Amino acid sequence: MIMKTGTMRLGAALAAAAFSLAGSAWADPAPGQYNIGIISDDTGPLAAAGISYHRGADLAIEEINANGFAGEGVTLNLLVKDSATDAARAVQAMTQFAADRTVLATTCCIITPIAGALSPIAMNNNLPLVIYGATREGLPQEPYVTSVVALPGPQEVMMSERLASELKPKRVAYYTTGDNDIFLARAHAVKAVFEEAGAETVAEISTLANDTDFTGPATQGMGTNPDVIMVMTTQQPAVGIISALRQRGYEGLIGTSEVISPPAIYQKSGDLIEGIPFALSFQPGLSDSPEATTFIEAYQAKYNELPDVYSAQGYTAIHYIAQGMKAIDGEPTREKLAEEMWKITSIDHNLYGGQEIVNGQAQIPETLIVNWNSDGEVALWENQ
Amino acid sequence: MHDTPTLLQLRAVAKHFGGVAAVGGLSTTVRKGTVHGLIGPNGAGKTTVINLITGLFHPTDGEILFDGHNLEAKPPHEIAALGISRTYQNVRLFSGMSALEQVLTGCFLKRGSSLFASFAGLPAARRNWEEARAKSLLLLARVGMAGKADVLAETLSYGEQRRIEIARALGSDPKLLLLDEPTAGMNHAESQAIGQLVHELRDSGLTILMVEHNMGLVTEFCDSCTVMNFGKLLAEGTPRSCIDDPEVQAAYFGRKNDAKRIQPVG
Amino acid sequence: MEAILDFWAAYSATIAFGLVNSFIALSCYAVLSAGVLSFTTVMFAAVGGFVAAQMIGMFALPPLVAFLFAGVAGGVAAAVIAVIFLRLETHWMALASLALVLITRVVVLNTPTLTGGVQGMLVPVRVSVLELFLALAVTAFVFYRMHNSWYGLVSRAVREDPSVASTMGISTYRVQFIAFLISGAVGGIGGAALATTLQFISADTYFLALAFTMIASTVLGGSFHWFGPIVGAFVFTALPTTMQAVLPEIQDVAKGVVLLVIMILLPRGLVDPRVLKLRLSRSPKTAEQPDA
Amino acid sequence: MQLFLEQLVNGIALGSLYGLFGIGFGLVFATLGILNTAHGAYASWAAIIGYFAVVWYDVSFPVAIAVGVIGGGVLAILVDQIGFQPLRNRKTGMLGALITSIAFLIILDSLAGMATNHQSWAFPSRTYPRGMLDLGFMRIPYMQLIIIGAMVFCAAGIYLLIQKTRIGAAMRAVGWNAEAASLGGVNARMVILLTAFLAGATSGLAGVLGGAATSNISYMLGEGLLLKGFAAVVVGGYDDVRGTVLAGILLGICEVFIAQYLSTTFRDGFTYILLLTFLVMRPRGIFGSGNFMRA
């Protein structure tokens, strides 16, 4: 009997605690303050990039509030729920945001499966969702689901066209991530460019996203004696393949994608990734628009490191929402916000020197073809 | 006694583990309606014989005939279905089950309805379940455990657990009951009670093969016996004749012609 | 009242996942309660999930009808697996079933026409919490009936001591085969429930994380009574959300520590019928018995 | 031919990592009856500890290896004593320890994530042997030679320990039944600690060497090793060091050659189907002798 009352009391306490937790999250915001929910990837397998996205979003919020970018007297507040890149947890977080009437918009998602799982919730709850990392054709849905990331491919195509015309390679080998549709598509696009230019495809080597040992693939690729090797894989494999190729003594040109752009990657791999061209739209040191300069300075001041492409995307997502907020006439609602955001054709505050949006899908901004130089800086790539 | 029909017959049964012969060509016979003792020093292979009869082991060589069936290569549950039931040297009750549940599990073969009927709770299955329950309570009473039906079996004393195990073995209405040292760890009075129970069971038509260490009990309660040593037959016959056998004496004491050392004590 | 509605709206997804994980945990329990430690549930869930997704995609079936198909498909998969696995010794079976989880992922990735391959599959329909609850209630009733019938009794016997059970005329093979069938059906339904709750499934949906969730829920809740896995599934589902609210910085560490502490203090899980029986053992009055 | 030989060595080196990692996993499974899902976390942590030793204290590579190996061993002992010891003698079988090992997997992985800032790191290039041995007809990276050597050394050492020494006999005796072993005068506790340490140390060695060779030191390092090391243990038989090592090398070679001559898509599928085939064709494995029935 004693046991029973004890259990009941514990249950009551837990229930009370749960309600108060729920309550505290719903505390009415100050007038003019609106909540934006971010479903982050601060932990889990993609935390390295996830933290960058989150920091970019945080900085955007500070900037918006300091400058009134979301409208006179309007401030934004970021509510964070970590998904650890777990679809079930992301869905729970999204449902909680949907239930919280103070949340006007949400932003999230590095990987497509999670974006795919969240978009029906956004549609059903009339809750704007801005996707900042995942890309796939048809992901945006009028008017609630939008994406600030351009579909992959065109940047690498541009880079490949330049490589093909300047280097005129005869033999090209390709590495791709066999279990990632985005990188498979990138590899195909790149291969088409080189073949069009008359280069022979000597090897198409598929690796998997979770692979760590690349001695085999490196030996295989070098065995075909290529002039150029294109590495279109996810981040870890890209670094691993390039390291393995260089350690085995490959001296020809390697091209890759923006996955090696974060400063942490240079810090880790150093000279191994020097001189390897990749294409991107934002890079500290090269992006010199006023917005970019302000952002880079603020980022360095706050986090003591340089921002990367991911933080730039997190930043853009929040500014996209803020621009929608500013356009709203009267008391903001989710529906009004979504409507205004869908109308936007160009994001005013961006780090790329211009960012167009068509039907909720960001288009390719200006493309830079760059590489890490021996000073540990990203510079425009030049054929040597 | 020798005119009663044979129930169980072992023909040159052998069991090897690796290179070691635990049982090496044992032949013996158990007749219907008797209490048959299986005795021998430690490591003689008695428990292995029980395991061979119940199908937990399969003989390397030889054959075992039971009630007109050759048990060769039959799995344990089929052998049990033919009417052989057993207890274990170290009591092996199911942990987490009450005494009644243990015995009820023993009634599985006589459940009368299919698993599905029981799951679906069909009227006939419900009736059968109640009958099995009543029978289990009766069996518990028979082994003197009437009041302990709902007690978690592992909380009971060793002797009580042995009784429950016997009740469980009786649940399937076996033709042959194998008791592996049923009185181990019991005091004199408890052993006597087990002996009495064994006699009652025999008188109700059951055949019993028991492994036993207590020579007193063997002479008192067994009608016939088989003596083993090193997996082989040493002697066979009435308990008295077995004990008097010089080879048996030697096996037990390493000396011949010292019959005085073993005397019935009970 | 409004607070309750808000609470429900916010945590309905947590409750939905609790219900989904209950199916998965019950599937694990189904074999565990017959003495088989197996991770094959993950494969059954994958079969059920993709079958349900395909059925919904092609015929626009309501979720509960798709669950039925998923259950059948899971059961069929289980029958095949059981024939292979029941030949193995226990420890090997545990390892083999873990290997099967890895194989499942590779197969899903390489059969794009059935599963969408690396792109995964969208599921156009979402199952409601009420439907999930109804499906779980029916499943739980099935487990309740099993627990209190001959099957429940003999499966406990097989789990505790298979060789003793076999000398009582119980075919361990048959009992464990039935256990696999139930595990397959319930696992298939669980996979379909997961698919219609997430609305997006891919190879990674049915992988090691699910295996760990399932086994941890089952053992945490208690693997000696069908109610244990359900309790465990809800606790294990709510744990990350709770920890995020309480200790956001170290939520995962906290989750691990809670799991560790519960297992050390209550190794038999939160729901343990033995405790009840022990109490009954001490009380002089006779207690309730399983009825037919 | 050069390509073939170099790929063969790649395969052997990769397989040696699997084998080295698998030895400890199998040892713990056979001796202590624990399916330890946290075994990979030892490798991650050893690599991280070794990395910090190099970066902070500027120690040489051999010292970094030693620090990582000892760190892995000590971590394994801690996990065993905190997570597994309370469950012994409580009849929870494989289950309880499996769950506490999952708990430790969660805890150690997320702590490792914090320690590395969720990034992947690599030993600075000057701190470990990076070149290649040029034999003329083929070239072999020094790291591969070190990995193969380390595996041979550990496998031989542990094999001799188990087969030829008293404590090894005790480890075999503890096997599945610590109770019986303690009756027989074996100091079960000593055996448990030694087994845990050896498992953690070999896992740690695989972690440091693998982390250096693949330029990938992260909290995810152990997970990849766990899946493949697990396969090696299953194919080779978990109670036999030689089997684990052979199977590991076999898997490594298969992986490399399947990727080279068939396709990566089939690579993992092949590995695991090989694994399942082994299980089904040899249901009793090497362990099966004493079991009279499947139970």
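This report describes a predicted model, its nonpolar cores, one helix of chain D and the contact between chains D and A.

## Basis

Local features need pLDDT of at least 70 and side-chain atom pairs count only at pLDDT 80 or more, whereas totals for chains, interfaces and linings use all residues. Residues are numbered from 1 along each chain as its sequence is written, chains are lettered from A in the order in which they are written, and side-chain values use heavy atoms, with hydrogens and water left out.

## Nonpolar cores

The largest nonpolar core (buried Ala, Val, Leu, Ile, Met, Phe, Trp, Tyr and Cys residues joined through side-chain atoms within 4.5 Å; buried means under 20% relative accessible area with a 1.4 Å probe, protein chains only) has 232 residues, and Leu118(A), Phe180(C), Tyr206(C) and Ile215(C) have the most contacts inside it. Helix α4 (residues 90-109) of chain C, a DSSP run of H or I of at least four residues, contributes the most to this core, with 14 residues.

## Helix α11 of chain D

The buried residues of α11(D) include Arg267(D), Tyr272(D) and Leu276(D). Among the elements that cover them are β7 (200-207) of chain A, a DSSP run of E of at least two residues, and α9 (221-236) of chain D.

## Interface of chains D and A

In this interface, 29 residues of chain D are in contact (heavy atoms within 4.5 Å) with 30 residues of chain A. The two chains bury about 2,500 Å² between them (accessible area lost on being put together, 1.4 Å probe, summed over both), 49% of it on carbon and sulfur atoms. His118(D), Arg130(D) and Thr264(D) supply 20% of the area that chain D buries against chain A.

Two salt bridges (a side-chain nitrogen of Lys or Arg within 4 Å of a carboxyl oxygen of Asp or Glu) are counted between chain D and chain A. Asp211(A) forms a salt bridge with Arg267(D), whose closest N and O atoms are 2.7 Å apart.

How values were computed: Buried means under 20% relative accessible area, exposed over 50%, partly exposed in between (1.4 Å probe, protein chains only).
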